[in-house]
Amino acid sequence: MSAYRGLCIAAVALAFIVVVMGAYVRLSDAGLGCPDWPFCYGRPLPAEIADRAALARAWKEMGHRYLAGALGVAIVLLVLGAWRRRRHAVLASAIVLLVALQATLGKWTVTMLLKPAIVTAHLLGGMGTLALLGWLALAQWPHAPAPEMRALRTTAAIALGALALQIALGGWVSANYAALACPDLPLCRGQAMDFANAFHVVRELGRTSEGELLPRAALTAIHWTHRVFALVALAAVLLAAARTWRVARALAITVAALVILQFGLGVANVAAGLPLALAAAHNAGAALLLAALVVLNFFAFRGLRFSS
């Protein structure tokens, strides 16, 4: 394996860790563990924090920042290597630009006090970085042509689009702390829903666009939308897996298993009252499913044979 291929794999793995760690930081209420940026209370490492709980939150936040910084360095090296080799330089450059945007969103997440639109955009940026790095890594290996894979392009793209929207909705749920707004299954106890305030993007955390407290009905609408669209995403991904079965059975099984697991984790989070481990696993499952659909789209759009 060439050094560049190894760096691609390392970057993909690190991007996955950063995404999951970011979710863990957010879910454990450590997103503001360090109130400044890029340091923590003006220091490169948390120090002189008497309260143990506050110190733990600070370490979580700074740990995530340093992991993200390591990923940024790896991506810069990928860009330099791509331009030197004159292969996939545009894609590599797009990734480094996305990472620069991610760093800015990370700063704004802290300085704008967890504004939901910024938190959700930060999550999507992380997932986008993972997806593009996965595509770049796949392009480093030779693959045999398989024109029959092109028949999957539309279905694969729809599945990926549905998942991307579902991830955005999930990010909006998490950013607004609406994960337990509907505590029962499968319905929502007939609670009132306020969709106008629920999806008003430009507002502060826990507030309406007019600055009033965000009503419970808005949180319910946020959660319910994510729950209902999960069925749409499940159907779209399972359809893509079913169509893939004829030409790449291992990939079809992987995609189907991951989407069923992810759906089950979503249900389990509601049923169990959102334990931290399950909530973090749900975010990890989304990242893994995204990676699997990126693989499917790569081989479908390039008309290449998938070999497990």
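Does Y177 count as buried, partly exposed or exposed, and at what relative accessibility? In this predicted model, Y177 counts as partly exposed, because its relative accessibility is 42% and the partly exposed class lies between 20% and 50%. The residue sits in the loop between helix 5 and helix 6. Its phi is near 55°, a positive value in a residue other than glycine. Most residues other than glycine have a negative phi, and most peptide bonds are trans.

L114 also has a positive phi, of about 60°, although it is not a glycine. This residue belongs to the loop between helix 3 (residues 89-111) and helix 4. L114 is buried, because its relative accessible area of 13% falls under the 20% cut-off. Positive phi values also follow two helices. Just after helix 2, R86 takes a phi of about 60°. Just after helix 8, G273 takes a phi of about 80°.

Two cis peptide bonds were found in loops. One runs from W37 to P38, with omega near 10°. P38 lies in the loop between helix 1 (residues 3-27) and helix 2. The other joins L185 and P186, with omega about 0°. P186 is placed in the loop between helix 5 (residues 153-175) and helix 6 (residues 195-198).

Helix 2 spans residues 52-85 and has 34 residues. From first to last C-alpha it reaches 49 Å, close to the 50 Å expected at 1.5 Å a residue. At its start, a side-chain oxygen of D51 comes to within 3.2 Å of the backbone nitrogen of A53.

T120 lies in helix 4, which covers residues 116-138. With a relative accessible area of 8%, T120 is buried. Its side chain reaches the backbone oxygen of P116 at 2.9 Å. Beyond four places in sequence, T120 touches A168, G171, W172 and A175.

Helix 8 has 24 residues. Its first and last C-alpha atoms are 34 Å apart, close to the 34 Å expected at 1.5 Å a residue. Buried residues of helix 8 are L251, A252, V255, A256, L258, V259, Q262, L265, N269 and V270. Helix 7 and helix 9 are among the elements that cover them.

Q262 was examined in more detail. This residue lies in helix 8, within residues 249-272. Q262 is buried because its relative accessible area, 11%, is under 20%. A polar atom of the Q262 side chain lies 2.8 Å from the backbone oxygen of H282. Contacts of Q262 more than four places away in sequence are with A281, H282, G285 and A286.

Two packed helices are described by the angle between their axes and the distance between the axes. Helix 7 (residues 216-244) and helix 9 (residues 276-302) pack at an angle of about 35°, and their axes are 12 Å apart. The crossing of helix 7 past helix 9 is left-handed. Helix 7 contributes H226, V237, A240 and T244 to the contact, and helix 9 contributes H282, L289, L293 and L296. By class, the contact residues are five nonpolar, three polar and no charged.

Note on methods: Residues numbered from 1 in each chain as written. Predicted model: local features only at pLDDT ≥ 70, side-chain atom pairs only at ≥ 80, totals over all residues. Heavy atoms only, no water. Helix = DSSP H or I, 4+ residues; strand = E, 2+ residues; numbered from the N terminus. Buried < 20%, exposed > 50% of the residue type's maximum accessible area, 1.4 Å probe, protein only. Polar contact = N/O pair within 3.5 Å; in protein donor to acceptor, adjacent residues only side chain to side chain. Contact = heavy atoms within 4.5 Å. Axes fitted to C-alpha atoms, helices over the stretch in contact; angles between N-to-C directions. Left-handed = near helix turned anticlockwise from the far one by under 90°. Nonpolar A, V, L, I, M, F, W, Y, C, P; charged D, E, K, R; others polar. Expected span 1.5 Å × (residues − 1).
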